[in-house]
Amino acid sequence: DGYINVTESTCQRSSFCPGGSVLVSSAEILHDNLDDQEQVIVPCPGGFSGSIDLTCQKGMILTEGSCYKGCDQTFTNISGLQIKLPGDLEHEMQWKLECPEGHSGELPFRCLDGNLTCPDCKCLPRELSTVAPVMPSVQQVEISELPVAALAAAVTAVVLLLCFAAGLLWHRAVRRKAMAAAVAAAMGDIPTHSVLPKSGTRSGRSGHSVSHSTSAASSGSKPKDEASFELVVDLPMALPLYWATNHGIHIFPDPNRIGEVQNLMTETWMSHYTRDRLLHCGGRVPVGCRVANVLRVENHKAYARYSSYKDALRTKRSQPCKRFTVRTSGKINLLDESVNEAYLFHGTNPESAQSICRDFFRMDRAGTSSGTMFGPGIYLAENASKSDEYAKEGSGVYVGLCAVLLCRCSMGEVLTVSQAGDMQERLRDGGYDSLCGDRLAAVGTYREMVFFNEEAVYPEFIVIYTRSFE
């Protein structure tokens, strides 16, 4: 009636992170205003190398990555000599200098996060360095003076070694030929004469039997001079020498492995704060772990699938795969380097660990608990601390205890990428067998190995452990 009613109201801004700075590894990182869930990559400031991922989440800035300090020293003292340095060395940069005049030796300096190291630096006066070291006299023994029995033993050892090597090469050649014949028989591409002699099964393990007749027989008119034949390929599966069973599914405590696995997890543990650590573990970063028990899994059906996959990797290439090493390489057991076989970790909980070991990894469940940065697949890690990000404590008798699976993996040819995205087509088109998601190179955290074939991974050990905090 001539008046305008005005109601009181307020406008409230959605959650955001105001501009400012964060401290990462003694480096001050400046940033502008960020909206909620916005992510930016900021290079480290002057005097540092690397970059930091900044993510705004509910008004808080989350960081991922590290800044490494360079070395700005210009002089140092080695063996009483003052050595002039170039200064302004970046992190992990190496610099080799010669000793001053009148001295011999090299000075391989290396910058590690602001600390200039040179563990092998030594400068000796030339008068001392040119003097030949006095070696203790060793009585020379003529070959003719050796006993005849010792010479015979040495010759016998060499002959046996050569025979063993020749037998191993022959066995591999026959095995590959047998596999090729089995594939040809399955495809119907078999010559009209027997490729391999007929043989039965051995040691209770079934062979692969294929019946085939000539084309004339398949048409219903079988000539008398052409007889059908049966091809039987006997490929006994080689089990690990320390296994105690020949069939079925068995999970045994393996206390002799506890010390070995503890050392492996300690050597591969890195205390990094990552986004996954926040999402799955609440952000608290353990400094290590203590292994409580190790269980060995003898699942013969699963291991047969894995062995067949490994044999297929060897068969489809005439040469061994390009060598790809991980942090666990050469630590436990003898593995097949021709297909880049390695042990890798997978984080889970004690109850699910036993379920996976009995029923295999399932591709239809890929990404249901931790996402799929590089596509739906089986995600494993070379660092125990990375898999610990996805490990969960159990219930009942497993209260306070976490679990990781230590898996045999046949990596084959490995494709390495640093950017996220579904890589399955790129993997297949490039003729690769597995993927390395190198977040270590991208943001300084970890490398993850991704497998898109269930048969490429066999969970052999269940590791039960507790986390250690400062």
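Two strands are taken to pair if DSSP finds at least two bridges between them. The exercises below apply this and a few other rules to a predicted model.

**Exercise 1. Work out which strands flank the sheet that contains β14, and how β14 is joined to β15.**

Step 1. Begin with the joining of the two strands: strand β14, which covers residues 106–112, is connected to β15 by three bridges, and the two run antiparallel. Because pairing asks for at least two bridges, the three bridges between β14 and β15 satisfy the rule.

Step 2. Look at one position in detail, where L112 has N115 of β15 standing opposite.

Step 3. Place the pair in its sheet, which is open, is formed by three strands in the order β12-β14-β15, and has antiparallel pairing. At the edges stand β12 (94–98) and β15 (115–117), and each has a single partner strand, so one side of each is left without a neighbour in the sheet.

Step 4. Finish with the twist: when direction is ignored, neighbouring strands of this sheet are turned against each other by 25° on average.

**Exercise 2. Describe the sheet with the order β5-β7-β8 by following its strands, its edges and its twist.**

Step 1. This open sheet is built from three strands, and the pairing is antiparallel. Its edge strands are β5 (39–43) and β8 (60–65), each of which pairs on one side only.

Step 2. From one strand to the next, the twist averages 30°.

Step 3. Turn now to strand β7, residues 51–57, which six bridges join to β8 in an antiparallel arrangement. As an example of the partners, D53 is matched with E64 in β8.

**Exercise 3. Decide whether the residues in the salt bridges of D254 are buried or exposed, and trace the network to which D254 belongs.**

Step 1. Recall the general idea that side chains of opposite charge can pair when their charged atoms come close.

Step 2. List the partners of D254. Its side chain meets that of R257 in a salt bridge, with an N to O distance of 3.6 Å, and it also forms a salt bridge with R296, where the N to O distance is 3.1 Å. The pair of D254 and R296 links distant parts of the chain, since D254 lies in the loop between β19 (249–253) and α4 (258–267) while R296 lies in strand β20 (residues 288–299), 42 residues apart.

Step 3. Apply the cut-off, by which a residue is buried if its relative accessible area is under 20%. D254 has 8% and is therefore buried, R257 has 10% and so counts as buried, and R296, with 9%, is likewise buried.

Step 4. Widen the view to the network of salt bridges, which links D254, R257, E260, R296 and E298. In total, the model has 18 salt bridges.

**Exercise 4. Compare the settings of F360 and F164 by asking where each lies and whether each is buried or exposed.**

Step 1. Locate the residues: F360 is in the loop between α7 (350–359) and β22 (378–381), whereas F164 belongs to helix α2, which covers residues 148–187.

Step 2. Classify them. The relative accessibility of F360 is 19%, and because buried means under 20%, F360 counts as buried. The relative accessible area of F164 is 58%, and because exposed means over 50%, F164 is exposed.

Step 3. Examine the surroundings of F360. When residues up to four places away in sequence are not counted, F360 touches N299, K301, A302, R305 and S355. The C-alpha atoms of F360 and E454 are 7.6 Å apart in space, although these residues are 94 residues apart in sequence.

Step 4. Examine the surroundings of F164, which together with L161 and L168 makes a nonpolar surface patch of about 330 Å².

**Exercise 5. Set these details within the whole protein by stating its elements, its buried share and its contacts.**

Step 1. The protein contains 10 helices and 27 strands, and of its 470 residues, 38% count as buried.

Step 2. Its exposed area is about 27,700 Å², of which carbon and sulfur atoms supply 53%.

Step 3. Among contacts with a separation of 6 or more, 62% are accounted for by residues 24 or more positions apart.

Technical notes. Residues numbered from 1 in each chain as written. Predicted model: local features only at pLDDT ≥ 70, side-chain atom pairs only at ≥ 80, totals over all residues. Heavy atoms only, no water. Patch = residues over 30% accessible without salt bridge, like charges linked within 9 Å, V, L, I, M, F, W, Y side chains within 5 Å. Areas by Shrake-Rupley, 256 points an atom, 1.4 Å probe, with all protein chains shown as cover. Salt bridge = Lys/Arg side-chain N within 4 Å of Asp/Glu carboxyl O. Helix = DSSP H or I, 4+ residues; strand = E, 2+ residues; numbered from the N terminus. Buried < 20%, exposed > 50% of the residue type's maximum accessible area, 1.4 Å probe, protein only. Axes fitted to C-alpha atoms, helices over the stretch in contact; angles between N-to-C directions. Contact = heavy atoms within 4.5 Å.
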